[in-house]
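Biologist: Please take one strand of this chain and describe closely how it is placed among its neighbours. I would also welcome a brief account of the chain as a whole, to set that part in context.

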Amino acid sequence: DVNGIISTKTKLDYESRNNYTLNISLSDGNGTDYATVFIKVRDVNDNSPVFGMTSTTITILEDLPAGSNIASVAATDVDEGFNGLVVYTLKGGEGKINIDTSGLILLEKELDRETQGFYNLTVIASDQGQPVLSTALSLTVIIDDVNDNPPVFSTSGYTMSVHEDEVLGRALLTVSATDLDAGANALVKYRIVSQQPSTSSPVFLVNLTTGQLSLNQQLDYETIKQFKVEVEASDGGQPSLSARTLVDVHVLDVNDNPPEFNQAVYDISVFENLQKGSPIYTFSVTDKDKVDEGENARITYYLSAEDGDNPFSIQQDGTILVNGYVDRETKEKYELLLVASDNGVPQRQNFTYVSIQVLDVNDHPPQFTKAQYSASIRVATAKEGASVLSVSATDLDVGNNSVISYSLVNHSDDFRINSRTGEITLSSNLDHITADTVVTLIVIAADYGVPQLISNVQITVRVNDINDNPPVFSTLVQTNLSAAENATSLDLGMFSATDLDIGVNALIRYSLQDDFAGMFHINSSTGKLVTKKSLDRETMDSYELKIIATDSGKPSQSASLVLSITVEDVNDNPPVFPQKSYSVTVKENEPPHVILSAAATDEDIGYNAIIHYTITGDTSSFHVGELSGNITTLQPLDYEYRSQYTFILKAFNPGKPYVQDTANVTVTVEDANEEGPIFEKPSY
């Protein structure tokens, strides 16, 4: 200015221009003088360091070795001297990342992306001026994944149980593996490496991405009970890393097999008169379900007869025992139904037919058809070889046990017996007998059984020397008669005999050996036979009436005629139950079977004794055999549904007049412990 003072017109900036040269003139109006002024601008710390780096994100691999350079973040400061001297500091490196004096970021320790995937760094560049100026740069170091971790299963091994009837394709189990890596390095895929025992095609499949194990083939517990499946999980890295786990699969049994008999039918022979409790046969029954354990193969046996006559029982080991009296002469063959049921759910069963033939034991001696025998012989006509009479015996046994041989106890000079037919004949002419004589013979009937059984009968032979012709009944006389019961004064006919003698020796009088307490009467002179009382077939259904014709000789001779009188039945008796009420206890869940044999009896016979059965009342769960009277369950009973049933069993004759009897039947269902406790709510 006019005073010579130099001043700045604008703010000086060292960094823009650090010196100036001024030419100054001085004039007093007349003269001028010139001078040069050199002005040097002195630096002031007015600039902060400036980073040359523009990107704030750095990506490095996690396997970068320690000491490697990560990035250079050099900063500049336009100031001079200490004002422009930049010093670097780093925050956030956590001891693994640092910076040197030149602004080079270095890796001091190995990284692990799975532990820390990124670092937020702050680089501070400070100058050395007074005051110190600094600039901060925020950097994000992203750790890029390297496939250095294999997949890891959630458990070292898996165990599961699968029912053998599991549906194909249904998910059974999910194996799960995780990989600490990222991206493709952590993308886990699953495959089945092996299966023990091996099969032609795999039994199991695993989903490639989800690890879900499913069934590819139908299981069969009876074939294979356990599988070991090795599953591999591999990641998508290059190279791929993998891990394996073992899945232990236990196949659970399902009751899909019924019991099986080793024969379709069984023919068994037993000797009669076996002691009660004697075993006669043991069945072999198998069930493919859990042969060694479990309810699916525990066999329960049921043995029944269609006609209800079953003197046998079966133990639960399959052994048939004699449970009653077995008599071949009463019944020689039993047709039984054997049912074998397992105890699985659902219950399965099988059946077979058992035919038991009762073999004969020599337990019956021969029985003569008469209690005693008698005959009369006239000496005048007695010739050697003439037949005196025939004895006959029967034996209820069969085979050699029923073959009979006849013999005389003591030797006789006058009589002999045919050992096969039982015919007694004369062995001499009896000329030596000159008066009436009674000869007593004892005949033995012996069978051929072991041990041999015998019986004997007495034979009385009257040898007549004077009155030598007995009365004789005509062979044309009908000896088989029938008479209706309940009728009085029946005329049964005239039964007369003739005598070849004459006079008193031919005068015949008739009598009955047994008139059965006055039931029958015969006219002693004419032989007319009548009934004096009403016959009752139920008291006695037949009579063997012996008419004796006796002449009046001294001694007298007689003849007999045996009439077989059959009493014809009239339907005059109703069926009768042995008791008026029956109580039966049935276990619940038992398969249909006979629970009661309430057979009625009828004293009549034939059509009049045919008994029909029916039930009335609560009958939806029961059935009665129309002719057998056997009451059978129609289905397994359920105690929880109903514990008792009552109904009426009726027995009746279908003929006329219609007669009947009834009995009350009460069936009590026995509870089986089959219901477990049940929570009131499905969840709490």
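Modeller: Two strands pair if DSSP finds at least two bridges between them, and strands themselves are DSSP runs of E with at least two residues, numbered from the N terminus. The model is a predicted one. I have chosen strand 37, which spans residues 437-447. On one side, strand 37 is joined to strand 38, residues 454-464, by 10 bridges, and the two run antiparallel. Within this pairing, Thr437 stands opposite Val463 of strand 38. Strands 37 and 38 form a hairpin, with six residues lying between them. Strand 37 also pairs with strand 34, residues 404-408; five bridges connect these two, again in antiparallel orientation. Here Ser405 has Ala446 of strand 37 as its bridge partner. Strand 37 is thus bridged both to strand 34 and to strand 38.

As for the wider setting, the protein chain contains 54 strands and zero helices. Its radius of gyration is 63 Å, whereas a compact globule of 684 residues would have one near 26 Å. Along the principal axes, the C-alpha atoms fill a box of roughly 235 × 55 × 30 Å. Among contacts with a separation of 6 or more, 67% link residues 24 or more positions apart. Of the 684 residues, 38% count as buried. The accessible surface amounts to about 38,200 Å², and carbon and sulfur atoms contribute 50% of that area. The chain carries 42 positive and 94 negative charges, whose mean positions lie 4 Å apart.

Key:
Residues are numbered from 1 along each chain as its sequence is written. This is a predicted model: local features need pLDDT of at least 70, side-chain atom pairs count only at pLDDT 80 or more; totals for chains, interfaces and linings use all residues. Side-chain values use heavy atoms; hydrogens and water are left out. Helices (H or I, at least four residues) and strands (E, at least two) are DSSP runs, numbered from the N terminus. The radius of gyration is taken over C-alpha atoms; the globule rule is 2.2 Å times the number of residues to the power 0.38. Buried means under 20% relative accessible area, exposed over 50%, partly exposed in between (1.4 Å probe, protein chains only). Contact means heavy atoms within 4.5 Å. Accessible areas come from the Shrake-Rupley method with a 1.4 Å probe; for residues, only the protein chains shown count as cover. Lys and Arg count as positive and Asp and Glu as negative; His and the chain ends are not counted. The place of a charge is taken as NZ of Lys, CZ of Arg, CG of Asp or CD of Glu.
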